[in-house]
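Reader: I would like to go through the helix packing and the internal space of this model. Please keep the answers short.

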Amino acid sequence: MLAKPCAVLLAVVYHSSFAATWGAAELAPLGPGNFSLDVDHRHNFCGLKRGDFKDKVLKDRDISVVVSAGINEFLLRFDSQGRVVGGLLVTIFAEVAKRGGFSWSLDVAPKETLKEFETVTERAEAFASRYDIYLHAMFITPFRKKTGLTFGFPLLDASPVLVAKTHQKPVSLAKHFLNTNFLKPFGWETWLFLLAVSTLTALAYLYIEWSSPQVNDHTRSLWTGFWFTLFLSFGVCTKGAAMAPTTHQGRTLVVAWSFITLLLASTYTANLASNLVSNQQMAASVASIADAVHQSLPICVQKGSAEDRVLHNLHPDAITRDPGSLHDVQDILGDKCFGVFMPQWTWSSATEGRSKYNPGCEFGVVGPPLMRIDASFASLSALGDLDGRCGHEAVYIINTILLEMYMEDWIQQTSQNEALQFSDQVCAASTRDQRKGSVGFQETGGIFTMYTCAVLMLLLWRIYSTGTHVAHEDVRGLELSDGDDSSDGAGSSK
């Protein structure tokens, strides 16, 4: 019970020690600036010396940066005034500016502007043609490089991973007591049929064996005889009682009923075991994307996206569905899809450890990524630099600084640091996986609860019956003693 809170506490302590070790400066609010695509905000970087970056060839230079509003808060965080107050991208770029000795300004592109572009690539081309840097998690693809874009040092792992429900959501202890999975091996029609046939068998056995010692010794009336034979009928099902017929018809009935109960018991046992184990395994039968395709499970992926094209190239038989306007994993992974593709960084840094999106750690990654993709900021390459501003030269120097930061493990630690600010849970291997199919109280609690209730009811019934019987005996005794007294009185009067 203390594992998750302790893990979160250790993560927070680590987060605090990391911040103190690296001494990351607090960011002052940036933006929203004066965003405009009608004004060219770029600077001229032609003639920069590509020497040692420690010479600070960008020192005292200005670099214009533009970001998009509405981006994932792990990457950029905004305050109520629309200013950037944190996030992985600005934290990294602020450190680059500090090491490179240059200043930078930031403008925020409003959401309305983003809707003017059909694709992210078109938006990146437009922004990069007016700003030195488009600070965004752009997928680095050959197609985008051909359009005249260049990219920064890979900052994020954007490889698409298949996220699906891989763990059972924990339930409260009260629900364990009310678990009725032990009734699921049979449908309600089968249970009713079993009750009807057991009753019919009891009536038939009562009629056929009415004069047999087993029935006659326990029969004071037709009603008590029926309840006794009904007990025998159900007892045969559970091996808790046995019938002792004395007639040929009775023996035939018992053999037939024993065979039926054997079949029913075997079927129930097999289905119960299957249900209990399948509840634990859930998505264990799907270990990769190929398994999901082979089992004809629908996968949610944006229609026309790179993931969609690659998936159908690798698996032509894949069944895909467009998630549409749904963004949360919980909304997508209902009856609509088995799994959904999302970038690796989105899952590991902004989704997995947040109970808002991954309640109870019930979602996880299935198999390896579909392909390898990195993400970083964008700028115009030499191919796209038609008016000779040489923005790619500045990107080269920035990438050199980023490479040093990467070698120092600064980028990885900063990414973890930012992710911890949103995480409120630690998702580790489930105890279900560790038990390897063993059946726990969450599966059997309902059985024990029902039996305990039955025992308590029988005890109360017995106490009530005993008390009633004693009361009747007392009343009868009083009546007899009253009769004796009256007789004595009559005799004495004579």
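Author: A cavity is a set of grid points where a 1.4 Å probe fits but cannot get out. The model discussed here is predicted.

Reader: How many cavities of 30 Å³ or more does a search of the whole structure find?
Author: The search covers the whole structure. Cavities count from 30 Å³ upward, and the number found is one.

Reader: What is the volume of the largest cavity?
Author: The volume is the space filled by probe spheres set on the grid points. For the largest cavity this comes to about 60 Å³.

Reader: How many charged residues are in the lining of the largest cavity?
Author: The lining includes Arg42, Asp132, Asp385 and Arg389. Asp and Arg count as charged. Ala128, Tyr131, Leu380 and Cys390 also line the cavity, and such residues count as nonpolar. By class, the lining has four nonpolar residues, two polar and, for the charged class, four.

Reader: Is helix 7 oblique or roughly perpendicular to helix 9?
Author: Helix 7 (residues 188-208) and helix 9 (residues 222-238) pack at about 125°, with axes 8 Å apart. Roughly perpendicular covers 65 to 115 degrees, and roughly antiparallel needs over 145. The angle therefore makes helix 7, relative to helix 9, oblique.

Reader: How many charged residues are in the contact of helix 7 with helix 9?
Author: Among the helix 7 residues in this contact are Leu195, Ser198 and Tyr205. They meet helix 9 residues including Phe226, Thr229 and Cys237. The contact divides into 11 nonpolar and six polar residues, and the charged count is zero: no charged.

Reader: How is helix 2 oriented to helix 15, oblique or roughly perpendicular?
Author: Helix 2 and helix 15 (residues 391-407) pack at about 105°, their axes 10 Å apart. The range 65 to 115 degrees has its own class. So helix 2 is, relative to helix 15, roughly perpendicular.

Reader: How many nonpolar residues does the contact of helix 2 with helix 15 have?
Author: Helix 2 brings residues including Ile92, Phe93 and Val96. Helix 15 brings Ile398, Ile401, Leu402, Glu404 and Met405. By class there are one polar and three charged residues, and the nonpolar number is seven.

Reader: Which hand has the crossing of helix 2 and helix 16, left or right?
Author: Helix 2 (residues 88-100) and helix 16 (residues 410-420) pack at about 145°, with axes 10 Å apart. Leu88 and Thr91 are among the helix 2 residues that meet helix 16. The crossing is right-handed.

Definitions and conventions
Residues numbered from 1 in each chain as written. Predicted model: local features only at pLDDT ≥ 70, side-chain atom pairs only at ≥ 80, totals over all residues. Heavy atoms only, no water. Axes fitted to C-alpha atoms, helices over the stretch in contact; angles between N-to-C directions. Helix = DSSP H or I, 4+ residues; strand = E, 2+ residues; numbered from the N terminus. Left-handed = near helix turned anticlockwise from the far one by under 90°. Contact = heavy atoms within 4.5 Å. 1 Å grid on protein atoms, 1.4 Å probe; cavity = no way out; pocket = protein on both sides within 12 Å on 5 of 7 lines; lining within 4 Å. Parallel < 35°, antiparallel > 145°, perpendicular 65-115°, else oblique.
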